[in-house]
Amino acid sequence: MSLNVKWKHAAVESGGSSCGGAITNNDIRTGVAQNLFPDIDEDTRIDGWELYRKAFCRPEGADPFANGWVYQNRISEGDDYFLTHIGTAQDTQLEASAYSEWAGAGELAASANVGASSFIAEFEAANTIFDASMMFLHNRENGKYERLVLAESGGVAWDDTEATLTAASAVTQYAYPVKTRAGMTGTETETFSLDGTYLTFRVDGAYTFTVSFTSAHTTASLVAAAINGAASGVTGCEITAGDDAGRVVITHDLYYKHHTFQIIAGDAVSELGFDTDIHTGSDGTVVACGVPVGTLEAEVSGVTMTVAASGGSFNNSLYPILGDPNGAGTVGDSWTVTFTSSTEISISGALCGVVYTGPITNNIAPAHWGGVYFIIPKEGWTGSFATGDTLIFDTAGRYAGVWVKNIGPAACGRQSPNRFGLKAVWDY
């Protein structure tokens, strides 16, 4: 395979109705902070947010990119979440904000083995996978994935953010696990001295309770009992005194992404010694709704010659105008070739401006982004030409715009760093 898929920034990334637009040649690089979305300031975190950004999936190389899909292979580790939607070569946030059926992702609630065709998954948001849509199972531990088409009728049944999914076919390649059970452990080698301190627990991104300690809470057993009392009714939460008098163990069922603890410390809480090394969700299986990007190739269409009495023409049937054979340089634009003499021309795009001036006696391939805008074979010109004759054609780039929407609820928990992932797959 000689195909390399790159992600590119859009022309406008400042937010607002003009956000998005055309492709640029600027790479979106993995692991770079604020590479697509900005950091969230405190006021925005409190109020909640909905941000849009557009990214372009661009395959480069001679091999075909057919039946392409994009899906989330990594979901947010915080209380916010990400949704995706196919875009166009030029659309902006003004158009994207009216799009419906945004694709989401979540995690398996139970392992899926070969032969399984029904699944339960906890999604980050409800109504983000649909009947007859393409579902992806992605094992985060080894990167293996499988795609299954959901049933056209009854493929999805929602209970809040929990989805029961029924596929039209069964898993055939791999087994897909659930996330490892996780927890939190706090240790203190000496007798606790917590009088006047407190801990605030935020469970599942919503349920909040506070435990206030007094001079009576002097051992791990007493601390655990106090937390258990305050957490009464929180499903899946278990606090124990642990193996010795100085250990408090807090565990929670983290099979679902939203089942997480956030602990906000009060005064002098360091005396309790809680360790914040909570499992970050690097294993288990992501369940994602795919976004179709289709077959991508650099294309030329609408070749039309307009001449006066000179009688010249361009034989596009025998010597067709071509896009970049490797896909790197061709972009979406409408081009006008204007004769400035009988043998000289100027070529300009409605978006790109003038890209060539010169004779028609050579093959014309204006350089762009390490490739070419297009290729006009010299053999295509026949007959005589005069000043003012024109040839027009359109090009479509070998890329697809993909919208990403980041949503954070009001009073969203702090999460730093946070990230998500998009994966492009295709038929060879």
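**Exercise 1.** In this predicted model, find out how far apart the closest N and O atoms of Glu-42 and Arg-45 are, and decide what kind of contact that makes.

*Solution.* Start with the distance: the closest N and O atoms of the two side chains sit 2.7 Å apart. The cut-off for a salt bridge is 4 Å, so Glu-42 and Arg-45 do form one. Next, place the pair: both residues belong to helix α1 (residues 42-47), three residues apart, which is about one turn of the helix. Last, check accessibility. Glu-42 comes out partly exposed at 38%, while Arg-45 is buried at 13%.

**Exercise 2.** Work out which side chains Asp-27 pairs with through salt bridges.

*Solution.* Take Lys-8 to begin with: its side chain meets that of Asp-27 in a salt bridge of 2.3 Å, N to O. This one ties together distant parts of the chain, since Asp-27 is in strand β2 (residues 20-27) and Lys-8 is in strand β1 (residues 4-12), 19 residues apart. Now try Arg-29: here the N to O distance to Asp-27 is 3.5 Å, again a salt bridge. Then look at the surroundings. Asp-27 is partly exposed, with 24% relative accessible area. Lys-8 is buried at 3%, whereas Arg-29 is exposed at 54%.

**Exercise 3.** Name the residues that Lys-6 is networked with, and give the total salt bridge count.

*Solution.* Lys-6 shares a network of salt bridges with Arg-58 and Glu-60. Counting with the 4 Å cut-off, you get eight salt bridges.

How values were computed: Residues are numbered from 1 along each chain as its sequence is written. This is a predicted model: local features need pLDDT of at least 70, side-chain atom pairs count only at pLDDT 80 or more; totals for chains, interfaces and linings use all residues. Side-chain values use heavy atoms; hydrogens and water are left out. Helices (H or I, at least four residues) and strands (E, at least two) are DSSP runs, numbered from the N terminus. Buried means under 20% relative accessible area, exposed over 50%, partly exposed in between (1.4 Å probe, protein chains only).
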